[in-house]
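Work through the following exercises with the structure open. Each task is followed by a solution in steps.

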Amino acid sequence: MSDEVNIKNKIKANSSLFINFVKNAITASPTVQNNFLDVTAQVALTIQKIIDDANLIVNLDYKGNDFWLKNRCKTSCFIDGGVDRTSIISSAPLSIRTGSYIVKPDAEDKNREFFEESMVFLGDLYDPKNELYDLSDDDFDEDQMLNKKKDGARIIFEAVTIVKHILLNRKFDYCFLHGPIEATVMPFTVMGFPTFTKFAVENMLPFYTKNKLNAEARHFINVYLEALKYIKQSKFPVYGIVETSNSAPYIKNLLYTYKSKGIISDKDFKNTLSTIKKYKITDSHLLEIILKNGQALKPLEVKKQIKGFSVTSGSAWEDKMESFPSVYIGYIKTNDHSSPIRIESLTSPVNFKKDFEYILATARLLPNYGFPVGLNIVDKFAKIPNWMSKASRRYYATHLLKQAIKSKDQNTISLAVKILSRKVRSWRNRPLGGMAR
Amino acid sequence: MDTKKWQSIGTVLGETNIDHFFFSLKNYKAKKGDIITTESKIPSSEGNIIPVTVWGKISSIESSNAFFPTEAAQELTNENIDIRDTILPMTRDELICKVIILGYTFKNNLKLLPLNYPVRPAATVSYPSSEDVEALLISDLGSKHPLFIGSLLARDAVKIRIDADNLVSRHVSIFGMSGSGKTVMVRRIMDELLKKQYPMIVLDIHGDYLGFIQKQKKLYPNNEVKLFYPNLSVSSEDKEIIYTLIEKLGNSLTDPQKDFLSSLLEKVKYEGGSLLKYIEILAFKARGFASESSTAFKNIRPASMYVAARSLGQVAKKLKNMEQTNFRHRQKMANLKFEELPDPATEPEKIIAKGQLSILYLKGYENLPASAIVSILLENLFKHRQEVEEEIPPFLTIIEEAHNFIPSRSENKDNIPSVETIRKVITEGRKFGTGVMIVSQRPSRLDETIASQCNSQIIFRMVNQKDQRATTRDSETLSVDDSKQLPNLANGQGIISGQVVNFSLPVQIKFDEELINDDIGNENFITAVENWDEKDSVKQRKKFAKDFSNISSIDKRKAN
């Protein structure tokens, strides 16, 4: 069987890729439908050759019983953040927290595991007294910006949680974050994105005093950069782990390296990148075919924040992009049927194979999901539960209506009811008081 | 009662009502069956808002660990990994308890009142002290004559008492599988009632209560414990019972044969006395009428008379056998003094007297004769209680293996004599002080009318679903949660519900070791075989058996 046919069969047999393929087939034009499989197979074949040439694939060892007996003495910390996405027109409540699950299997019962609510913020983004974002600087209070502000807060909180553990001199063997170790900061470079309050920054990064914490110093970009620099100094390895990759940083970087070495021509490089973009081919897609269960890809250094993007271009933050640390990205295929998980770190891993084997072992404890179980556990812990969001929504609604009724102004009451009616139809069909006419 | 000293063990969860609530329990702080409290506020009848203590019983506990994924268990099993070696969490068990609300108390008045306003969600749940729980149970029971029976299943320190007055007048049923603790319970109640000089009669089929005779002097010096064996004595008024006995024990008869039997009973007068003797007289007379080809019986041929005579002979033979079997069993216990059951019609005071326990030892008797004996006995004793003179005091009848005496209609045995008698005694027992305690391992096989007359139930381990259904059907106070618990009860653990307690309680019955009958072994058949020594008669038979066998093998002649 030729390599190409083999890869095609792998694509067909692979469930998640096949689903994507079907999705593409439904939405794409007939021409694309016809050649999607051929293109993906050809790209995979080419990438596999390069990966083989670069000797990037490593077989990881895992023997369940044996592994855990040897590693029961290790202390691991798993971190994740949770945000309540409640929003109604009149307010922007923000509940955000990060949780840490710290576990040392061989410790005696009471010291074996800790669930720690590491960072918490409860407030309203419209409230001028809120202690997170400085509203005097906030030009963006439309709805869409609210989500961006919430995301910014979550990213900062997660990073700051790692910082906090380092500051507290915690003795971890490993620290894992659910999500990228370095998020793409581009969305937060837009003009007028609010700065954090002085109070917030002082509390999050007590060592950070740049420019006496003026507005620029308190901007997301600067605060996040400062947190990342601190994490980079950590004595224990810190990894960000991402479930599925929606982009192709590893492949693109690999192709770039080969182009730089002159092994690939500029033209081939550009054309291939264009094909990857057109066909929405991601690292996950290709590596799912290339890697076998229990195999990993050696980490490659990748620049995440790239100067010259259309959004950052011309922004005051464009030059700052260069200051962000490079990220080391590797992959592990944890089972037969899931996409490989992406492993990110801010430093080049010293014991890459050992560390990746540990990650694989934690993922094997979820044999179907194939994701590190510690992150799954902390995800459940940090998540703002639905009942809490529901309760807070109900509270806000009741409060708003009470205030409106208190005002005794019919227009205010109508407005409150309108705000609380989720659909226009329910507003139109609202019960009207008085006699039917 | 200092509620502030009670330990906080959990928090009431979201939705509550006046019957039950759920709460989140701290690890290892309470068990199923425990009595707990929560402080709440309710509107009083005067319209004020008053703080009250709500009492409840934990009816179920569910534990979950949301942080332990199911598929992790798969990997642990497949790879033979010890969870303690991994990073999986072991301390995040979430315990949710369901609480059945028993009622509320106000200030220091320990009388439980029905709750008519839901408990407060998010309120603290407390674990009252054992003394306070016991005080509540005693105060709430308000019994003049409490009987100690054991301790609360979940808390050994809480002693449980039941109300003797309701027990002896309103009837009680004790159900449970064989070996689950029924007899232990009965013995416990008997012990308490004996101390109160309350008369009792026990229908003992297996000899479970002979321990009372053996230990009488030591444990009950102020009581009389009598051991009777049945005397099948009948009076002329018991014709119905005699006819039923002959009909059921003898050969099946055709209609003319039955007519003859009926007429025979009319003709052969009897002053009263031994039933066996009377049946032998009947058989003799029947043969006489047949041989004379008597014309005293219209349209009945001698052949029919002979058949009836043979049937009577059959009945006499069976009764004799049963008497002999019972006799042999009695002989095995030569150290016990058995007395013939006095005539309940003329000498009831010998059976029922203040401070006396009478045990009627029925071993060896088939259902029907035993039923007849019980029917005649109870019918007469009941009559004496009905009379104005009241020759005997109120008493309690304990019916062991009750399905033999009061079978359900579905068993097609409902016309056995004791059913009707016990039905009467139990229905009118409250008026005349003839309480009944029904003990059975098969409640589904009991007469529904009789079982439903028992106002209290003590239920032990029960696995059979038919029996579980019958139990809940007959009980007004046993909840669904209680019945779910039945298959999981251990020996001596039971649920008491009904009028002897105010709300159902899971109880560990106190085991009275000294009341075990020393002459009955523990069904240890393996040891019995290990120590088996053949009887001399068997040895003799074996000695000659080979010789006789040789004779038969060489005998070639045809039989004449």
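A helix here is a DSSP run of H or I with at least four residues, numbered from the N terminus. Keep in mind that the model is predicted.

**Exercise 1. Find which helix gives the largest share of the lining of the second largest cavity.**

Solution.
- Step 1: Size the cavity. The second largest cavity has a volume of about 70 Å³.
- Step 2: List the lining. It consists of Asn231(B), Leu232(B), Ser233(B), Leu341(B), Pro344(B), Ile373(B), Ile376(B) and Leu377(B).
- Step 3: Assign the helix. Helix α11 of chain B spans residues 367-386 and supplies 3 residues, the largest share.
- Step 4: Sort by class. The lining has 6 nonpolar residues, 2 polar ones and no charged ones.

**Exercise 2. Describe the largest cavity and say which elements and domains line it.**

Solution.
- Step 1: Start with the search. Over the whole structure, 4 cavities of 30 Å³ or more turn up.
- Step 2: Take the largest. Its volume is about 110 Å³.
- Step 3: Read the lining. Leu137(B), Ile138(B), Asp140(B) and Leu141(B) are among the lining residues. So are Lys159(B), Ile160(B) and Arg161(B), by the cavity criterion of an atom within 4 Å of a point. The list also includes Val501(B), Asn502(B), Phe503(B) and Leu505(B).
- Step 4: Map the elements. In chain B, α2 (130-141) and β9 (155-163) each give at least two lining residues. The largest share, 4 residues, is from α2(B).
- Step 5: Map the domains. Domain 1 (3-140) and domain 2 (158-231 + 341-515) of chain B each contribute at least three residues to this lining.
- Step 6: Sort by class. There are 7 nonpolar, 1 polar and 3 charged residues.

**Exercise 3. Two non-glycine residues of chain B have a positive phi: His171(B) and Gln197(B). Place each one and decide whether it is buried or partly exposed.**

Solution.
- Step 1: Take His171(B). Its phi is about 70 degrees. His171(B) sits in the loop joining α3 (164-170) to β10 (172-175) in chain B.
- Step 2: Apply the cut-off. Buried means under 20% relative accessible area. His171(B) has 2% relative accessibility, so it is buried.
- Step 3: Take Gln197(B). Its phi is about 65 degrees. Gln197(B) belongs to the loop between α4 (182-195) and β11 (200-204) of chain B.
- Step 4: Apply the cut-off again. Gln197(B) counts as partly exposed because its relative accessibility is 23%.

**Exercise 4. Which residues of chain B does Asn65(A) touch?**

Solution.
- Step 1: Locate the residue. Asn65(A) is part of helix α4 (residues 64-71) of chain A.
- Step 2: Check accessibility. The value is 26%, so Asn65(A) is partly exposed.
- Step 3: Read the contacts. Leaving out residues up to four places away in sequence, Asn65(A) touches Glu79(B), Asn80(B) and Ile81(B).

**Exercise 5. Profile each chain by its elements, burial, contacts and surface.**

Solution.
- Step 1: Count elements. Chain A has 16 helices and 9 strands. Chain B has 17 helices and 21 strands.
- Step 2: Read burial. In chain A, 51% of the 437 residues are buried. In chain B, 51% of the 560 residues are buried.
- Step 3: Read contact range. Of the contacts in chain A between residues at least 6 apart, 74% join residues at least 24 apart. For chain B, 74% of contacts with a separation of 6 or more link residues 24 or more positions apart.
- Step 4: Read the surface. Chain A exposes about 21700 Å², with 52% from carbon and sulfur atoms. Chain B has an accessible surface of about 27400 Å², with 48% from carbon and sulfur atoms.

How values were computed
Residues numbered from 1 in each chain as written. Chains lettered and ligands numbered in written order. Predicted model: local features only at pLDDT ≥ 70, side-chain atom pairs only at ≥ 80, totals over all residues. Heavy atoms only, no water. 1 Å grid on protein atoms, 1.4 Å probe; cavity = no way out; pocket = protein on both sides within 12 Å on 5 of 7 lines; lining within 4 Å. Points joined across faces, edges and corners; volume = space filled by probe spheres on them. Nonpolar A, V, L, I, M, F, W, Y, C, P; charged D, E, K, R; others polar. Domains from an automatic or database assignment. Buried < 20%, exposed > 50% of the residue type's maximum accessible area, 1.4 Å probe, protein only. Contact = heavy atoms within 4.5 Å. Areas by Shrake-Rupley, 256 points an atom, 1.4 Å probe, with all protein chains shown as cover.
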